[in-house]
Amino acid sequence: MLLHVNSIPFRYECELQLGETTLYPDFTLRHPMTGNLFYWEHFGMMDNPAYCRNVSSKLQLYFSHGIIPSINLITTYETKDNPLDVEIVEGIIQHYFL
């Protein structure tokens, strides 16, 4: 909702082909002023070991295709005891897009 409120053009779970692997990043975003493309992955079960292994593999795939955290990949994380805070999301949107 915060992306829409801040007029950030985005698509939810849009197909992304990386080599022979197809991913569906949580959000594919276009910077409203520069037109640069960003991907946003939210990793919401970081207290699950199997999920964490999958996160690691997914990040490695992004790296190998030039999609790098803090450059053109935004990542957020949470666990049951540490849910994602809306203020963090607002700060990320402010930092990258406004």
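So, strand 5 and strand 6: in this predicted model, the two run parallel, and five bridges join them. Strand 6 covers residues 73-77. If you want one contact to look for, take Tyr39, whose bridge partner in strand 6 is Leu73. To get from strand 5 to strand 6, the chain passes through helix 2, residues 49-64, and that β-α-β crossover is right-handed.

Now the other neighbour. Strand 4, residues 27-30, runs antiparallel to strand 5, with four bridges between them. Here Phe27 sits opposite Trp40 of strand 5. The hairpin these two strands make has six residues between the strands, and Gly35 there takes a positive phi near 80°.

How covered is strand 5 itself? Mostly: of its seven residues, 37 to 43, five are buried.

Okay, on to the rings. How many aromatic pairs does the structure hold? Seven. One of them is Phe10 with Phe27, edge-to-face, 5.8 Å centre to centre and 70° between the planes. Those two are 17 residues apart in the chain, with Phe10 in strand 1 and Phe27 in strand 4. Phe10 counts as partly exposed because its relative accessibility is 34%, and Phe27, at 23%, is partly exposed too.

Another pair is Phe38 with Phe97, again edge-to-face, at 5.1 Å between centres and 75° between planes. This one ties strand 5 to helix 3, residues 86-97, across 59 residues of chain. Phe38 is at 8% relative accessibility, so it counts as buried, and Phe97 is buried as well, at 1%.

Last thing: ring pairs also link Phe10, Tyr12, Phe27 and Trp40 into a cluster.

How values were computed. Residues are numbered from 1 along each chain as its sequence is written. This is a predicted model: local features need pLDDT of at least 70, side-chain atom pairs count only at pLDDT 80 or more; totals for chains, interfaces and linings use all residues. Side-chain values use heavy atoms; hydrogens and water are left out. Buried means under 20% relative accessible area, exposed over 50%, partly exposed in between (1.4 Å probe, protein chains only). Two strands pair if DSSP finds at least two bridges between them. A crossover is right-handed if, with the strands pointing away from the viewer, the path from the first strand over the helix to the second runs clockwise. Rings of Phe, Tyr and Trp (its six-membered ring) pair if their centres lie within 6.5 Å; planes under 30 degrees apart count as stacked, over 60 as edge-to-face and the rest as tilted.
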